[in-house]
Amino acid sequence: MSQVENLRPDLQYIADWIPPQSRVLDLGCGDGELLAWLAAKKEVSGYGVEIDVNGVVACVANGVNVIQSDMESGLSTFEDHSFDYVVLSLTIQAMHNIEGILQEMVRVGKTGIVTFPNFGFWENRWQILMGRMPVSETIPFEWYNTPNIHFCTVNDFAKLLHKSGLKIDHQLVLNQGEKVEFLPNLLGSLALVRFNKV
């Protein structure tokens, strides 16, 4: 990974994966930090999609093209292959129709990139063994106020992609921002997956 300043660790790797002058759609883009960085450093063009009004206002302040919309209703406003990359970072676990959004990502883009907290991380397993729902850096909510409705492991997500007719192009698993090579489903807290159609 090259040094990408001022971005979350998962966004640093995503920024490395995206070549200059690509067209990018960032779903659940928050304040638009990834798109703003890519536009400034790699001349990337694209849009963010964000439902939260504060995120939309922050995107505009950061000079990011943003559409206020609920991804759950689909990406029908975008034509097939409108983008080179479609990014969904730390959001998929809060969505209802995960299979649908994955298919939409590779319809409107050539390549999808998803990041998600790995529920199979050993600290999460230990907390469950101790009789409580996990709370961690990547899963920072209590069970009663979490926006997350689906938890999955690295292995679960790979199985879902295969079932959905999608293939993994590249996968990284991180712990505290560093790559985990050995037993990633056990020792990694955050997964990054780049995928496309078979």
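Me: Thr-111, buried or exposed?
Reply: Buried: its relative accessibility is 12%, under the 20% cut-off. Keep in mind that this is a predicted model.

Me: Which element is Thr-111 in?
Reply: Thr-111 sits in strand β5.

Me: And what is Thr-111 in contact with, leaving aside its neighbours within four places in sequence?
Reply: With that window left out, Thr-111 has contacts to Asp-84, Tyr-85 and Val-86, and also to Arg-194, Phe-195 and Asn-196.

Me: Asp-84 catches my eye. Which residue does Asp-84 form a salt bridge with, say in strand β5?
Reply: Lys-110 is a partner of Asp-84, and the closest N and O atoms are 3.4 Å apart. This pair links distant parts of the chain, since Lys-110 belongs to β5 (residues 109-117) and Asp-84 to strand β4 (residues 83-89), 26 residues apart.

Me: How accessible are Lys-110 and Asp-84?
Reply: Lys-110 is partly exposed at 48% relative accessibility, whereas Asp-84 is buried, with a relative accessible area of 16%.

Me: Which residues are joined with Asp-84 into one network?
Reply: Arg-23 and Lys-110: salt bridges with shared partners join these two and Asp-84 into one network.

Me: Nice. How many salt bridges does the structure hold?
Reply: There are eight salt bridges. Another of them pairs Glu-99 with Lys-163, with 2.8 Å between the closest N and O atoms. Glu-99 is in helix α4 (residues 98-108) and Lys-163 in helix α6 (residues 154-163), so far along the chain that they are 64 residues apart.

Me: What about exposure for Glu-99 and Lys-163?
Reply: Glu-99 is partly exposed, at a relative accessible area of 37%. Lys-163 counts as exposed, at 60% relative accessibility.

Me: Which residue does Glu-142 form a salt bridge with?
Reply: Arg-132, at 3.5 Å between the closest N and O atoms. Both residues lie in the loop between α5 (122-129) and α6, so this pair ties together parts that are 10 residues apart in sequence. Glu-142 is partly exposed, with a relative accessible area of 28%, and Arg-132 is also partly exposed, at 40% relative accessibility.

Me: Switching to aromatics: how many aromatic pairs are there?
Reply: Five. In one pair, Trp-143 and Tyr-144, the ring centres are 5.6 Å apart and the planes stand at 90 degrees, so the pair counts as edge-to-face. Both of these residues are exposed.

Me: Where does Arg-194 lie?
Reply: Over the face of Trp-17, 4.9 Å from the ring centre.

Me: OK, the largest nonpolar core now. Which residues touch the most other members?
Reply: Leu-27 and Leu-102 do, in a core of 29 residues. Elements giving two or more residues to this core are β1 (23-27), β4, α4, β5, α6, β6 (166-175) and β8 (190-197). The largest share is from α4, with six residues.

Me: What does Leu-102 contact, neighbours within four places in sequence aside?
Reply: Leu-102 is in contact with Ile-92, Val-114, Phe-157, Leu-160, Leu-161, Leu-166 and Phe-195. There is also a second, separate core of 23 residues, which includes Leu-11, Leu-38, Cys-59 and Val-64.

Me: Let's do strands. In which sense do β6 and β8 pair, and over how many bridges?
Reply: The two pair in the antiparallel sense, over eight bridges. In that pairing, Gln-171 is opposite Val-193 of β8.

Me: And β6 with β7, over how many bridges?
Reply: Two bridges, again in the antiparallel sense, with strand β7 covering residues 178-179. Asn-175 has Glu-178 in β7 as its bridge partner.

Me: How many residues are between the strands in the hairpin of β6 and β7?
Reply: Two residues. Gln-176, in the loop between β6 and β7, has a positive phi near 55 degrees although it is a residue other than glycine. Gln-176 is exposed, with a relative accessible area of 67%.

Me: What is phi like at Leu-183, and where does Leu-183 lie?
Reply: Leu-183 has a positive phi of about 45 degrees, and it is not a glycine. Leu-183 is in the loop between β7 and α7 (184-187). At 42% relative accessibility, Leu-183 is partly exposed.

Note on methods: Residues numbered from 1 in each chain as written. Predicted model: local features only at pLDDT ≥ 70, side-chain atom pairs only at ≥ 80, totals over all residues. Heavy atoms only, no water. Salt bridge = Lys/Arg side-chain N within 4 Å of Asp/Glu carboxyl O. Helix = DSSP H or I, 4+ residues; strand = E, 2+ residues; numbered from the N terminus. Buried < 20%, exposed > 50% of the residue type's maximum accessible area, 1.4 Å probe, protein only. Phe/Tyr/Trp six-rings, centres within 6.5 Å; stacked < 30°, edge-to-face > 60°. Lys NZ or Arg CZ within 6 Å of the ring centre and 35° of its normal. Core = buried A, V, L, I, M, F, W, Y, C linked by side-chain atoms within 4.5 Å. Contact = heavy atoms within 4.5 Å. Pairing = 2+ DSSP bridges.
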